[in-house]
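This report sets out the fold and the local geometry of a single chain. The sequence and the coordinates are shown first, and the discussion follows.

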Amino acid sequence: MSEPLNIVLVEPEIPQNTGNIARTCACTGARLHLVEPMGFRLTQKQLARAGCDYWDEVDIVRWPCAAAFFEAHAADELHLFTGHAARSFADVSYGEGAFLVFGRESRGLDGDLIEAHAARCVRIPMRDGLRSLNLSNAVAVAAYEALRQQGWPELG
């Protein structure tokens, strides 16, 4: 069994986006990392509101803060997704167990994280003048590119 792809949401704000991302993780076998603080609580009511009946199929790891996550995974293969990067996500090789890191819906990743990990930052190309894709769409685009490069491990 290969090491799963890791999807990291730093301070997600919208439960429906997190629910959609959890569904993508369930369908692909990716592990979901949720970094506090979140804009919602992971209660049964919130999970139902998020419309995801796949939560039991998702390996979820919770982190108390971004510093704890980045300290624990400093030596791992991290790819930070931001509109402030020059390099396209399609120009990167994604290894087994890679971590795809995404920021909050309203403002993305903090500038200090982008600066500290500048060599690990990538962007999803899009038209000039537009801010960003929906978070759950961006995660799906990135996850499927990483899994395509890996030869669709354990996917039928």
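## Strand β4 and its neighbours

In this predicted model, L80 stands opposite V101 of strand β5. Strand β4 covers residues 78-81, and β5 covers residues 99-102. The two strands run parallel and are joined by 3 bridges. H79 has L100 of β5 as its bridge partner. Towards strand β6 (residues 121-122), β4 again pairs in the parallel sense, here over 2 bridges. The bridge partner of L80 in β6 is C121.

In a regular strand, side chains alternate between the two faces of the sheet. The pattern in β4 can be read in these terms: L78 and L80 point one way, while H79 and F81 point the other way. All four of these residues are buried.

## The sheet and the helices across it

Which order do the strands take in the sheet? The order is β3-β2-β1-β5-β4-β6, in an open sheet of 6 strands with parallel pairing. β3 (60-63) and β6 stand at the edges with a single partner strand each, so one side of each has no neighbour in the sheet.

Two helices can be placed against these strands. Helix α1 (residues 15-28) lies across β1 (6-10) and β2 (31-35), and runs at about 155° to β2. Helix α5 (residues 135-149) lies across β1, β4 and β5, and its direction is at about 165° to β5.

## Nonpolar cores

The largest nonpolar core contains 29 residues. L5, I7, L9, L32, F81, L100 and F102 have the most contacts inside this core. At least two core residues come from each of β1, α1, β2, β5 and α5. The greatest contribution is that of α5, which gives 7 residues.

L100 illustrates how these elements meet. Leaving aside residues up to four places away in sequence, L100 touches L5, N6, I7, V8, H79, F81, Y94, A142, A143 and A146. H79, already named as the bridge partner of L100, is thus also found in this contact list. A second core, separate from that one, has 16 residues, among them W63, A66, L109 and C121. C121 is also the β6 residue that partners L80.

## Salt bridges

How many salt bridges does the model contain? The count comes to 6. One of the pairs is E3 with R31, whose side chains meet at 3.4 Å, N to O. This pair links distant parts of the chain, 28 residues apart: E3 lies in the segment before β1 and R31 in strand β2. E3 is partly exposed, with a relative accessibility of 38%, whereas R31 counts as buried at 19%. The cut-off for buried is under 20% relative accessible area, so the value of 19% for R31 falls within that class.

E36 forms a salt bridge with R62, and the closest N and O atoms are 2.5 Å apart. Here too distant parts of the chain are linked, with E36 in the loop between β2 and α2 (44-49), R62 in strand β3, and their positions 26 residues apart. Both partners count as partly exposed, E36 at 21% relative accessibility and R62 at 46%. In another salt bridge, the side chains of D110 and R104 meet at 3.1 Å, N to O. D110 is partly exposed at 31% relative accessibility, while R104 is buried at 5%. Salt bridges with shared partners also join E3, R31 and D59 into one network.

## Backbone geometry

Most residues other than glycine have a negative phi, and most peptide bonds are trans. Some sites in the model depart from this pattern.

The peptide bond from E36 to P37 is cis, with omega near -5°. P37 is placed in the loop between β2 and α2, and E36, the residue before the cis bond, is the partner of R62 in the salt bridge described above.

E11 is not a glycine, yet has a positive phi of about 55°. E11 lies in the loop between β1 and α1 and counts as buried, with 17% relative accessibility. W152, likewise not a glycine, also has a positive phi of about 55°. W152 belongs to the segment after α5 and is partly exposed, at 37% relative accessibility.

Note on methods: Residues are numbered from 1 along each chain as its sequence is written. This is a predicted model: local features need pLDDT of at least 70, side-chain atom pairs count only at pLDDT 80 or more; totals for chains, interfaces and linings use all residues. Side-chain values use heavy atoms; hydrogens and water are left out. Buried means under 20% relative accessible area, exposed over 50%, partly exposed in between (1.4 Å probe, protein chains only). Helices (H or I, at least four residues) and strands (E, at least two) are DSSP runs, numbered from the N terminus. Two strands pair if DSSP finds at least two bridges between them. Contact means heavy atoms within 4.5 Å. Axes are lines fitted to C-alpha atoms, for helices over the stretch in contact, and angles run from 0 to 180 degrees between N-to-C directions. A salt bridge is a side-chain nitrogen of Lys or Arg within 4 Å of a carboxyl oxygen of Asp or Glu. A nonpolar core is a set of buried Ala, Val, Leu, Ile, Met, Phe, Trp, Tyr and Cys residues joined through side-chain atoms within 4.5 Å.
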